[in-house]
Amino acid sequence: MSLVKLINFVKEKHSTQVRKYTGEPYFNHLLEVASMVDDCFPYAFEIGLLHDILEDWQYTNCTMEDLYHGLIDCGYHEQVTEYICNCVDDLSDVYTHDMFPEINRQSRKKMEAERLWTIHPNSQSVKYCDLINNTSSIVQHDPKFAVVYLQEKEYILTGMTAGDPLLLKRCQDTLLLAKSQLFIDL
């Protein structure tokens with residue numbers, strides 16, 4: 001397997017995507033999440049690096065089939081490829097506005113949270129890192145939205161508890177710190 005080849009695959013797929021508030025390459029977020037989760041379980045780095053590739057299809061133009069073949073092309077064995085694909089699928093939002101425009105945001109986010117409670121523990125660990133990384137940016141650049149965001153993420157963590165306990169604790173602490181920075185009591 002070639003991690004360098006995978007990194008290049010991900011960079012290419014996300015090449016047109018930038019972070020909402022800073023305009024920096026989106027790949028930086030993916031690399032930060034992957035680095036945070038890296039030593040937690042086998043192929044954690046890969047899953048962290050790929051966690052948004054299907055969800056952000058409007059930028060990546062990547063389907064599950066593309067992801068599967070991309071991993072095979074990078075030298076990952078079939079069984080490992082299927083495992084990585086399943087975890088990335090776990091991490092891809094289902095209850096989006098595009099798919100469920102008739103359902104309001106609050107209901108969609110509740111349904112998405114409850115779905116996340118049931119995903120693989122390793123996928124939950126990656127999600128913790130994603131939340132950690134996103135929280136500081138949102139609090140810094142959009143404090144008004146951060147109030148809603150933090151409430152949604154706290155609800156997710158009430159049931160998404162099967163992942164790495166140290167990462168879960170770090171995620172909970174990150175949300176608490178963010179709340180204190182905003183001087184709110186959620």
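Helices here are DSSP runs of H or I with at least four residues, numbered from the N terminus. With that numbering in hand, a walk through this predicted model can start at a loop. N61 sits in the loop between helix 4 and helix 5. Its backbone is a little unusual to look at: phi of N61 is near 55°, a positive value in a residue other than glycine. N61 also counts as exposed, because its relative accessibility is 63% and the bar for exposed is over 50%.

A second residue with positive phi is Y43, where the angle is near 70°, again in a residue other than glycine. Y43 belongs to the loop between helix 2 and helix 3. At 28% relative accessibility, Y43 counts as partly exposed.

Y43 also leads into the aromatic pairs. How many of these turn up in a search of the whole structure? The search finds four. In general, a pair of aromatic rings is described by the distance of the centres and the angle of the planes. For Y43 and Y76, the ring centres are 6.3 Å apart and the planes stand at 70°, so this pair is edge-to-face. The two rings come from distant parts of the chain, 33 residues apart, with Y76 in the loop between helix 5 (64–73) and helix 6 (78–90). Y76 is buried, with a relative accessible area of 4%, whereas its partner Y43 is partly exposed.

Another of the aromatic pairs is made by F145 and Y149, and this one is tilted, with 6.2 Å from centre to centre and 50° between the planes. Both residues lie in helix 9, four residues apart, which is about one turn of the helix. F145 is partly exposed, at a relative accessible area of 27%, while Y149 is down at 5% and counts as buried.

Next come the cysteines. In general, a disulfide is a covalent bond between the sulfur atoms of two cysteines. The structure holds zero of them. For C62, the nearest cysteine sulfur is that of C85, 8.6 Å away, and C62 is in no disulfide. C62 is buried as well, with a relative accessible area of 4%. Why does C171 not form a bond with C129? The sulfur in C129 is the closest cysteine sulfur to that of C171, but at 8.2 Å it is too far for a bond, because a disulfide needs the two sulfur atoms within 2.5 Å. C171 counts as buried too, at 0% relative accessibility.

C62 shows up again among the contacts of L54. This leucine is found in the loop between helix 3 and helix 4, and L54 is buried, with a relative accessible area of 12%. Leaving aside neighbours within four places in sequence, L54 is in contact with C62, T63, M64, L67, V88, D89 and S92. For the last of these, L54 and S92 are 38 residues apart in sequence, yet their C-alpha atoms are 6.3 Å apart in space.

Two more residues give a buried and a partly exposed example. S123 lies in helix 8 and counts as buried at 0% relative accessibility. Beyond its neighbours within four places in sequence, S123 is in contact with C87, D90 and L91. T161, by contrast, is partly exposed, with a relative accessible area of 44%. T161 is found in the loop between helix 9 and helix 10 (165–182). Not counting residues up to four places away in sequence, T161 touches Q124, Y128 and L168. The C-alpha atoms of T161 and D130 are 15 Å apart in space, and the two residues are 31 apart in sequence.

Finally, there is empty space to look at. The largest pocket has a volume of about 1600 Å³. Its lining is made by 47 residues, and those nearest the centre are E55, D56, D93, R105 and K109. The elements that give two or more residues to this lining are helix 2 (26–37), helix 4 (57–60), helix 7 (105–116), helix 8 (121–141) and helix 9 (143–159). Which helix gives the most? Helix 7 does, with nine residues. By type, the lining of the largest pocket divides into 19 nonpolar, ten polar and 18 charged residues.

How values were computed:
Residues numbered from 1 in each chain as written. Predicted model: local features only at pLDDT ≥ 70, side-chain atom pairs only at ≥ 80, totals over all residues. Heavy atoms only, no water. 1 Å grid on protein atoms, 1.4 Å probe; cavity = no way out; pocket = protein on both sides within 12 Å on 5 of 7 lines; lining within 4 Å. Points joined across faces, edges and corners; volume = space filled by probe spheres on them. Nonpolar A, V, L, I, M, F, W, Y, C, P; charged D, E, K, R; others polar. Buried < 20%, exposed > 50% of the residue type's maximum accessible area, 1.4 Å probe, protein only. Contact = heavy atoms within 4.5 Å. Phe/Tyr/Trp six-rings, centres within 6.5 Å; stacked < 30°, edge-to-face > 60°.
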